[in-house]
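Subject: Handover of a protein model

Dear colleague,

Please find the structure below, followed by an account of what was found in it. I would be grateful if you read the text with the model open beside you.

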Amino acid sequence: MTLSKGVTMSRFCYGVKLTPESDGGWIVTVRDIPEAITQGDNVESALIEASDCLEEAIAARIDDQRDIPIPSPLTEDEYKVYLPIQTALKASVYLAMKESSLSKVQLASLLNVDEKEVRRILDPHHRTKLPTIERTLQALGQQISLTITSTRP
């Protein structure tokens, strides 16, 4: 996934498929991220597990400096699962940094911080304050935009 000039990646929402298991549980797969596989005892727990699994899969892709795929359009047999906001913001920083071809040292210089701080900003398991992420994205030519969507039909 790239954040080309003029193009905004505003969603980190992936389709997940639930396949019934013989014991009554559900196997969860994410078409766009094949390594994201989990399970749940019922639909509700399967979707909670899907969110956790998706978060870990995206975090691993950031850690391994791999691509993060653009979410495919949802199919009829899939459920929407959103990446938790903190991880989505860190993925946005990662993608913007990749697009700009800046190293961690160069970004640190641009932000006037130590390179260790940039590593923490990119670390999906480190809680980074929103103003820091926002300032980092602005330095990379990106802006956060908030959309709230109803979950009710």
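**Salt bridges in helix H4**

Arg120 is partly exposed, with a relative accessible area of 36%. Please keep in mind that this value, like every other in this message, was computed from a predicted model. The side chain of Arg120 forms a salt bridge with Glu117, and the closest N and O atoms of the pair are 3.0 Å apart. Both residues lie in helix H4, three residues apart, which is about one turn of the helix. Glu117 counts as partly exposed because its relative accessibility is 24%, and the range between 20% and 50% is the one called partly exposed.

Helix H4 holds another pair of this kind. Arg119 and Glu115 form a salt bridge with their closest N and O atoms 3.0 Å apart. These two residues are four residues apart in H4, again about one turn of the helix. Arg119 is partly exposed at 41% relative accessible area, and Glu115 is partly exposed at 24%.

**A salt bridge between distant parts of the chain**

The count of salt bridges comes to seven. One of them joins the side chains of Lys17 and Asp77, at 3.5 Å from N to O. Which parts of the chain does this pair link? Lys17 belongs to strand S1, whereas Asp77 lies in the loop between H1 and S4, and the two are 60 residues apart. Lys17 counts as partly exposed, with 36% relative accessibility. Asp77 is also partly exposed, with a relative accessible area of 42%.

**The overall layout**

The protein chain has five helices and four strands. Read from the N terminus, these elements follow the order β-β-β-α-β-α-α-α-α. Along the principal axes, the C-alpha atoms fill a box of roughly 55 × 30 × 25 Å. The chain has 153 residues, and 38% of them count as buried.

One pair of residues may help you to judge distances in the model. Lys98 has its place in helix H2, which covers residues 85–100, and this residue is partly exposed, with a relative accessible area of 39%. Lys98 and Thr147 are 49 residues apart along the chain, and their C-alpha atoms are separated by 25 Å.

**Strand S1 and its partners**

Strand S1 (13–20) is followed by strand S2 (26–30), with a loop between them. How do S1 and S2 pair? They run in the antiparallel sense and are joined over five bridges. Within this pairing, Val16 stands opposite Val30 in S2. S1 and S2 form a hairpin with five residues between them, and Gly24 in the turn has a positive phi of about 100°.

S1 also pairs with strand S4 (residues 78–82), in the antiparallel sense and over five bridges. Here Gly15 has Lys80 in S4 as its bridge partner. As you look at these strands, a general rule is useful: in a regular strand, side chains alternate between the two faces of the sheet.

**A negative patch on the surface**

Asp23 is found in the loop between S1 and S2. Is this residue buried or exposed? Asp23 is exposed, because its relative accessible area is 64% and the cut-off for exposed is over 50%. Asp23 gathers with Asp41, Glu49, Asp52 and Glu56 in a patch of negative charge on the surface.

**Positive phi angles outside glycine**

Two further residues deserve a look at their backbone angles. Gln65 is not a glycine, yet its phi is positive, at about 55°. This residue is found in the loop between helix H1 (43–63) and S4, and Gln65 counts as exposed at 56% relative accessibility.

Asn112 is not a glycine either, and its phi is positive at about 60°. The place of Asn112 is the loop between helix H3 (104–111) and helix H4 (115–122). Asn112 is exposed, with a relative accessible area of 74%.

With kind regards

Note on methods: Residues numbered from 1 in each chain as written. Predicted model: local features only at pLDDT ≥ 70, side-chain atom pairs only at ≥ 80, totals over all residues. Heavy atoms only, no water. Patch = residues over 30% accessible without salt bridge, like charges linked within 9 Å, V, L, I, M, F, W, Y side chains within 5 Å. Areas by Shrake-Rupley, 256 points an atom, 1.4 Å probe, with all protein chains shown as cover. Salt bridge = Lys/Arg side-chain N within 4 Å of Asp/Glu carboxyl O. Lys, Arg positive; Asp, Glu negative; His and termini not counted. Charge placed at Lys NZ, Arg CZ, Asp CG, Glu CD. Buried < 20%, exposed > 50% of the residue type's maximum accessible area, 1.4 Å probe, protein only. Pairing = 2+ DSSP bridges.
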